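Please read the following walk through a protein chain with the coordinates open beside the text. The paragraphs move from charged pairs to helix packing and then to an aromatic contact.

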Amino acid sequence: MSNAPSRRGWIERFRVALGMSITDLAERVGVSRPSISKLESREKDGSITIKQIDKVAEAMGGKLVYAIIPAEGKMDDIVMNQARKRAKRIIKRTRAHMALEAQSEGLQSQEEAIEELAEEMAREMARDFWK
């Protein structure tokens with residue numbers, strides 16, 4: 001079985017892979033055959049509950065594994081992206097004020113300043129970090 005459900009949901013895919021009929025699964029779960037069909041449809045449209053999937057998985061001899069993972073990269077990447085956004089706003093605002101006062105000579109590059117501040121912000125993780 002691949003990692004992503006196609007037109008079938010996970011319940012149906014697992015049941016079919018076992019060679020189990022809807023009627024057999026209904027008996028194991030203790031519900032009617034139409035109830036299993038409805039659960040399989042509800043899984044496909046996203047309206048099934050985790051509790052329901054867990055119960056059906058257990059009836060088939062399986063177990064539900066639930067996870068939230070980063071869409072791309074690692075968790076640290078998510079944190080650093082947020083820190084860079086915040087740092088960029090701060091550095092740009094600070095540099096604009098310094099330029100108005102002719103104090104920008106001798107400063108590190110804007111990119112270096114953003115990265116340095118972002119790393120510090122990611123380490124400290126202030127209460128308003130995600131705002």
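**Charged pairs and helix packing**

The structure holds 5 salt bridges. The model is a predicted one, and every distance and angle in what follows is computed from its atoms. Side chains of opposite charge can pair when their charged atoms come close.

A good place to begin is the pair formed by Glu12 and Lys44, whose closest N and O atoms are 3.1 Å apart. This salt bridge links distant parts of the chain, since Glu12 belongs to helix H1 and Lys44 to helix H3, with the two positions 32 residues apart in numbering. The two partners are not equally accessible: Glu12 is buried, with a relative accessible area of 14%, whereas Lys44, at 46% relative accessibility, counts as partly exposed. Glu12 and Lys44 also belong to a network, in which salt bridges that share partners join them with Arg8.

A second salt bridge connects the side chains of Arg15 and Glu40, with an N to O distance of 2.7 Å. Here too the pair links distant parts of the chain, with Arg15 in helix H1 and Glu40 in helix H3, 25 residues apart. Are these two partners buried or exposed? Arg15 counts as buried because its relative accessibility is 7%, under the cut-off of 20%, and Glu40, at 6% relative accessibility, counts as buried as well.

These two salt bridges can now be placed in the packing of the helices that carry them. The axes of helix H1, residues 10–18, and helix H3, residues 33–45, come within 8 Å and cross at roughly 130 degrees. H1 is therefore oblique to H3, given that an angle has to be over 145 degrees to count as roughly antiparallel. On the H1 side the contact is made by Trp10, Ile11, Glu12 and Arg15, and on the H3 side by Glu40, Glu43 and Lys44. Sorted by class, this contact has 2 nonpolar residues, no polar ones and 5 charged ones. The residues of both salt bridges appear in that list, with Glu12 and Arg15 contributed by H1 and Glu40 and Lys44 by H3.

Within H1, the buried residues are Ile11, Glu12, Arg13 and Arg15. An α-helix has 3.6 residues a turn, so residues three or four places apart point the same way. The buried residues of H1 pack against H2, H3 and helix H4, the last of which spans residues 50–59. Just after H1, Gly19 takes a positive phi of about 75 degrees.

Which residues does Glu40 touch, once residues up to four places away in sequence are left out? Glu40 touches Ile11, Glu12, Arg15 and Ile22. Ile22 lies in H2 and Glu40 in H3, and both take part in the contact of these two helices, which leads to the next piece of packing.

The axes of helix H2, residues 22–29, and H3 come within 8 Å and cross at roughly 100 degrees. H2 and H3 are therefore roughly perpendicular to each other. In this contact, Ile22, Thr23, Leu25, Ala26 and Val29 of H2 meet Arg33, Ile36, Ser37 and Glu40 of H3. By class, the contact of H2 with H3 has 5 nonpolar, 2 polar and 2 charged residues. Glu40 is thus listed in the contact of H1 with H3 and again in the contact of H2 with H3.

**Farther along the chain**

Another salt bridge joins the side chains of Arg86 and Asp128, at 3.4 Å from N to O. This pair also links distant parts of the chain, with Arg86 in helix H5, residues 75–100, and Asp128 in the segment after helix H6, residues 110–124, so that 42 residues separate the partners. Arg86, at 13% relative accessibility, counts as buried, while Asp128 is partly exposed, with a relative accessible area of 35%. Not counting residues up to four places away in sequence, Arg86 touches Met121, Asp128, Phe129 and Lys131.

Phe129, one of those contacts of Arg86, takes part in an aromatic pair as well. A pair of aromatic rings is described by the distance of the centres and the angle of the planes. The count comes to 1 aromatic pair in the model, and it consists of Phe129 and Trp130, which are 5.0 Å apart from centre to centre with 85 degrees between the planes, an edge-to-face arrangement. Phe129 counts as buried, at 2% relative accessibility.

Notes. Residues numbered from 1 in each chain as written. Predicted model: local features only at pLDDT ≥ 70, side-chain atom pairs only at ≥ 80, totals over all residues. Heavy atoms only, no water. Axes fitted to C-alpha atoms, helices over the stretch in contact; angles between N-to-C directions. Helix = DSSP H or I, 4+ residues; strand = E, 2+ residues; numbered from the N terminus. Parallel < 35°, antiparallel > 145°, perpendicular 65-115°, else oblique. Contact = heavy atoms within 4.5 Å. Nonpolar A, V, L, I, M, F, W, Y, C, P; charged D, E, K, R; others polar. Salt bridge = Lys/Arg side-chain N within 4 Å of Asp/Glu carboxyl O. Buried < 20%, exposed > 50% of the residue type's maximum accessible area, 1.4 Å probe, protein only. Phe/Tyr/Trp six-rings, centres within 6.5 Å; stacked < 30°, edge-to-face > 60°.
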